[in-house]
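Thanks for coming. I will go through the disulfides first and then the sheets. Please have the structure open while I talk.

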Amino acid sequence: RVHGGHSFNLPLLEPMVFSSFALVLAVCACFASAAVPYNYSDLVCWKATVDRGVGVPISACPSSHPDLDAGLCYVSCNANYTGVGPVCWENCPPGWIDEGALCREQGSIKTIVRGSYGRGVGIPMVCAPNVPDYDAGLCYVACPESFDGVGPVCWQSCASVSLDPVDGGAICCHNTSLCDTKIVDLTLGLPEAVMRAILSGGNVTAIIESVQEAV
C-alpha cells in the first residue's frame, strides 16, 4: 500500500509493529526498574518494584476454624466426635459400624443412635502463613516494608518517599498537579515512541532514544 510517497507491505509490516512495540515496552520497563526513586531532587519519580513471584490458590484454614471439609473451614469437634459439614457426630464404639445417623453392631442388626450436635456454618479458606497476602483470588508472599502488593509485583509506597508523597500509579509525585501532568505526558509520549520505533525499522538505538524522550 502506498501512503505519502512510501510503499508499505502490510503482511511484512505486522511483525515489525509487534516487535517494535514489545521492544518499546521492554525499554520502558528497564527505565522504570532502573529509575528507583531514591533521587529526592526529582519532583516526579518512578516507584521501585519487587517481583514476589506467582500467586497460589487459597489452601489453609484459620486457627479458629481448623477443620477443612468440602472446601469450608469449621471449628473442631469435641473429643470422640467427627465432623461432617456443620454437624459433629459421635464416633461408633469399637465393633460397631458407622451407618450415618446410626451405629450397627458388626454381624448383627442391632443399632444405636449416634449422638450429634451442630458446630456452626463453615467459613471460606484463607491464605497459608507462608503466602499471607490475598489479591484477586490468589495468595502471595508478603511485600517488603514500605511496599504494597498488586498481583505479583510489590510497588514502593509513595508515603515512604519524603519529597514525592502523592501516588500516581507507577510514579510518585510532589503534588497532584505534577502527577496529572506526568501521566498525560506518558499517555501521549509512549504511542509516539512506538511509532518512531516502527519507522526506525528496528533500530535499537533509535528506539531507546524515543523512549527516553517519552518517559
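Let me start with the criterion: a disulfide here is a pair of cysteine sulfur atoms within 2.5 Å. By that rule, the count comes to seven disulfides. Keep in mind that this is a predicted model. I will take three of the links in turn.

The first is C61 with C73, where the sulfur atoms sit 2.1 Å apart. Its torsion about the S-S bond is about -80°, so this disulfide is left-handed. Where are the two ends? C61 is in the loop between β4 (49-51) and β5 (67-69), while C73 is in strand β6, residues 72-74. The two cysteines are twelve residues apart, and the pair links distant parts of the chain. Now, are these ends buried or exposed? C61 is partly exposed, because its relative accessible area is 21% and the cut-off for buried is under 20%. C73 has a relative accessible area of 0% and is buried.

Next, C127 and C139. Their sulfur atoms are 2.1 Å apart and they form a disulfide. The angle about the S-S bond is -85°, and the link of C127 and C139 is left-handed. C127 lies in the loop between β13 (123-124) and β14 (133-135), and C139 lies in strand β15, residues 138-140, so the pair ties together parts that are twelve residues apart in sequence. C127 is buried, with a relative accessible area of 15%. C139 counts as buried too, at 1% relative accessibility.

The third link is C158 with C172, again a disulfide, with sulfur atoms 2.1 Å apart. At -90° about the S-S bond, the link of C158 and C172 is left-handed. On placement, C158 is in the loop between β17 (153-156) and β18 (166-167), and C172 is in strand β19, residues 171-173, so parts that are 14 residues apart in sequence are tied together. C158 is buried at 3% relative accessible area, and C172 counts as buried at 0%.

Which cysteine sulfur is nearest to that of C45? It is the sulfur of C172, 5.1 Å away, and C45 is in no disulfide. The cut-off is 2.5 Å, so this pair does not qualify. C45 counts as buried, at 6% relative accessibility.

That brings me to the sheets. β3, β19 and β18 make an open sheet of three strands, in the order β3-β19-β18, with antiparallel pairing. β3 (44-46) and β18 stand at the edges, each with a single partner strand, so one side of each has no neighbour in the sheet. How many bridges join β18 to β19? Two, and the strands run antiparallel. Within this pairing, D167 stands opposite C172 in β19. C172 is the cysteine we have just met in the link with C158.

The other sheet I want to show is also an open one of three strands, with the order β7-β8-β12 and antiparallel pairing. Its edge strands are β7 (81-84) and β12 (116-118), each of which pairs on one side only. Neighbouring strands in this sheet are turned by 25° against each other on average, direction ignored. β7 pairs with β8, residues 87-90, in the antiparallel sense over four bridges. In that pairing, Y81 stands opposite E90 in β8.

That is all I have for today.

Technical notes:
Residues numbered from 1 in each chain as written. Predicted model: local features only at pLDDT ≥ 70, side-chain atom pairs only at ≥ 80, totals over all residues. Heavy atoms only, no water. Pairing = 2+ DSSP bridges. Axes fitted to C-alpha atoms, helices over the stretch in contact; angles between N-to-C directions. Buried < 20%, exposed > 50% of the residue type's maximum accessible area, 1.4 Å probe, protein only.
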